[in-house]
Amino acid sequence: MIIKNALIYTENHRFEKKDVRIRNERITEIAENGQFTDPDENVIDGEGLYAIPGLVDIHFHGAVGHDFCQASKEELLKIAEYEAANGVLAICPATMSYNEEILGKVMDKAADYNEESGADLVGINMEGPFIDLKKAGAQNPEYIMPADKEMFLRLQERSGGLIKLVDIAPEEKGAMDFIEQCHEQVKISIAHTCCNYETACEALEKGVSHMTHLYNAMPGINHRNPGPIIAALEAGAEVELIADGIHIHPAIVRMTFRIFGADKVILISDSMEATGLLDGDYQLGGQGVTVKGRKAVLTKDPGVIAGSVTNLFDCMKNCVQNMGIPLEDAVLAATENPAESIGVEKDYGRIAVGNYGNLLLLDKDLQIKNIVQKGKIMSV
């Protein structure tokens with residue numbers, strides 16, 4: 001396949017008019033516009049279109065009525081197909097807080113998953129249960145527990161090495177030991193925490209390098225008590241942002257890109273099973289969730305947001321069209337940055353020679369016109 005005449009999002013993180021050749025699922029050549037003329041290859045004319053990498057979501061819980069932790073193999077495929085149809089071609093779904101017995105079954109299922117259609121399952125984000133009860137949010141408090149290295153290692157073995165992120169509240173018992181002992185085996189993220197600046201700094205020094213859904217379920221910034229956000233900024237940590245228009249004000253999204261830098265921001269959806277469906281009653285982590293419009297809340301406690309109902313592509317689009325983020329920065333934060341964060345950047349998240357031929361062709365209004373997955377055109 002050859003994609004001609006499109007504005008390609010290059011490895012320089014800007015758009016340039018180039019041609020891309022894909023063979024045997026991977027990108028084999030990128031050249032100046034007009035150099036590829038092989039008449040036997042399938043050609044897509046991208047004139048007037050942007051070409052960006054397929055998106056990579058490293059933190060979401062489900063979609064189209066199915067939750068990652070409860071889904072059967074067939075239901076997980078439906079989640080993956082929904083994500084791919086919306087431009088997300090690599091997924092690293094997140095668990096909720098459960099005990100080892102339940103999480104073990106989730107890991108077994110993921111290890112056995114090998115479907116060829118839909119988004120590729122490239123990892124697991126273990127969001128619970130090593131968090132702070134006081135910042136549980138939509139996590140089920142029944143299962144929250146201290147960090148346990150041996151439990152993590154057993155789950156990692158059952159997953160076949162798929163766990164790419166482990167979330168942790170560093171102020172909790174055993175957390176610092178866990179960080180010291182496990183940070184070279186898995187990326188560790190501060191999440192669902194009450195920690196102060198000093199504790200966050202210690203965790204970052206010991207090996208934490210990631211912040212889960214920044215601003216949410218953690219102390220904010222105060223001029224006398226700067227908290228974990230400023231500690232992350234000073235340490236150069238990467239940070240997740242939910243840009244659904246519900247979780248974070250647009251001004252804070254702009255500020256985050258400005259002070260952390262676009263290369264440190266990772267857009268996530270944090271979407272739950274109601275994504276892609278109508279308003280109604282759903283669940284997340286075994287707790288009831290009520291969805292109305294673009295907002296999901298715990299049914300028993302409507303003041304608690306329970307994930308999002310916006311997919312990652314729409315979060316990225318929202319950044320550009322409603323939050324004032326340059327397209328180049330928003331694309332970086334939804335593709336290459338998350339891929340690098342979980343170590344899959346050689347396959348996903350970039351339009352580069354050697355990577356999979358995963359591209360989205362977008363018009364000037366950021367509507368998807370074509371999805372190319374491993375060199376094959378998907379219907380839109």
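For sorting a cavity lining, Ala, Val, Leu, Ile, Met, Phe, Trp, Tyr, Cys and Pro count as nonpolar, Asp, Glu, Lys and Arg as charged, and the others, Gly among them, as polar. With that in hand, here's a quick tour of this predicted model. We'll look at its cavity, then helices H3 and H6, and finish with Ile305 in strand S20.

**The cavity**
- The count comes to one cavity of 30 Å³ or more, and the largest cavity holds about 30 Å³ of space.
- Its lining brings together Tyr9, Thr10, Glu11 and Pro53 with Thr335, Glu336, Gly349, Arg350 and Ile351.
- Sorted by type, the lining splits evenly into three nonpolar, three polar and three charged residues.

**Helix H3**
- H3 runs over residues 149-159, and its buried residues are Met151, Phe152, Leu155, Gln156 and Ser159.
- These sit on the same side of H3, because they cover an arc of only 135° around the axis.
- Packed against those buried residues you'll find two helices, H2 (100-112) and H4 (175-182), plus two strands, S11 (124-126) and S12 (163-168).
- Have a look at the start of H3 too: a side-chain oxygen of Asp148 comes to within 3.1 Å of the backbone nitrogen of Glu150.
- Just past the other end, Gly160 has a positive phi of about 75°.

**Helix H6**
- In H6 (residues 227-235), the buried residues include Gly227, Pro228 and Ile229, along with Ala231 and Ala232.
- Among the elements covering them are helix H5 (197-206), strand S14 (210-211) and helix H7 (250-260).
- After H6 comes Gly236, and its phi is positive as well, near 75°.

**Ile305 in strand S20**
- Ile305 belongs to strand S20, which spans residues 305-308.
- Is Ile305 buried, partly exposed or exposed? Its relative accessibility is 28%, so Ile305 counts as partly exposed; buried would mean under 20% and exposed over 50%.
- Leaving aside residues up to four places away in sequence, Ile305 touches Ala138, Ile246, His247, Lys295, Ala296 and Val297.
- Ala138 is the one to pick out if you like long sequence separations: Ala138 and Ile305 are 167 residues apart in sequence, yet their C-alpha atoms are 7.0 Å apart in space.

Technical notes
Residues are numbered from 1 along each chain as its sequence is written. This is a predicted model: local features need pLDDT of at least 70, side-chain atom pairs count only at pLDDT 80 or more; totals for chains, interfaces and linings use all residues. Side-chain values use heavy atoms; hydrogens and water are left out. On a 1 Å grid over the protein atoms alone, a cavity is a set of points where a 1.4 Å probe fits but cannot get out, and a pocket is an open set with protein on both sides within 12 Å along at least five of seven lines; lining residues have an atom within 4 Å of a point. Grid points are joined across faces, edges and corners, and a volume is the space filled by probe spheres set on the points. Helices (H or I, at least four residues) and strands (E, at least two) are DSSP runs, numbered from the N terminus. Buried means under 20% relative accessible area, exposed over 50%, partly exposed in between (1.4 Å probe, protein chains only). Contact means heavy atoms within 4.5 Å. The arc is that of the directions from the helix axis to the C-beta atoms. A polar contact is a pair of N or O atoms within 3.5 Å; within protein, one must be able to donate a hydrogen and the other to accept it, and residues adjacent in sequence count only if both atoms are side-chain atoms.
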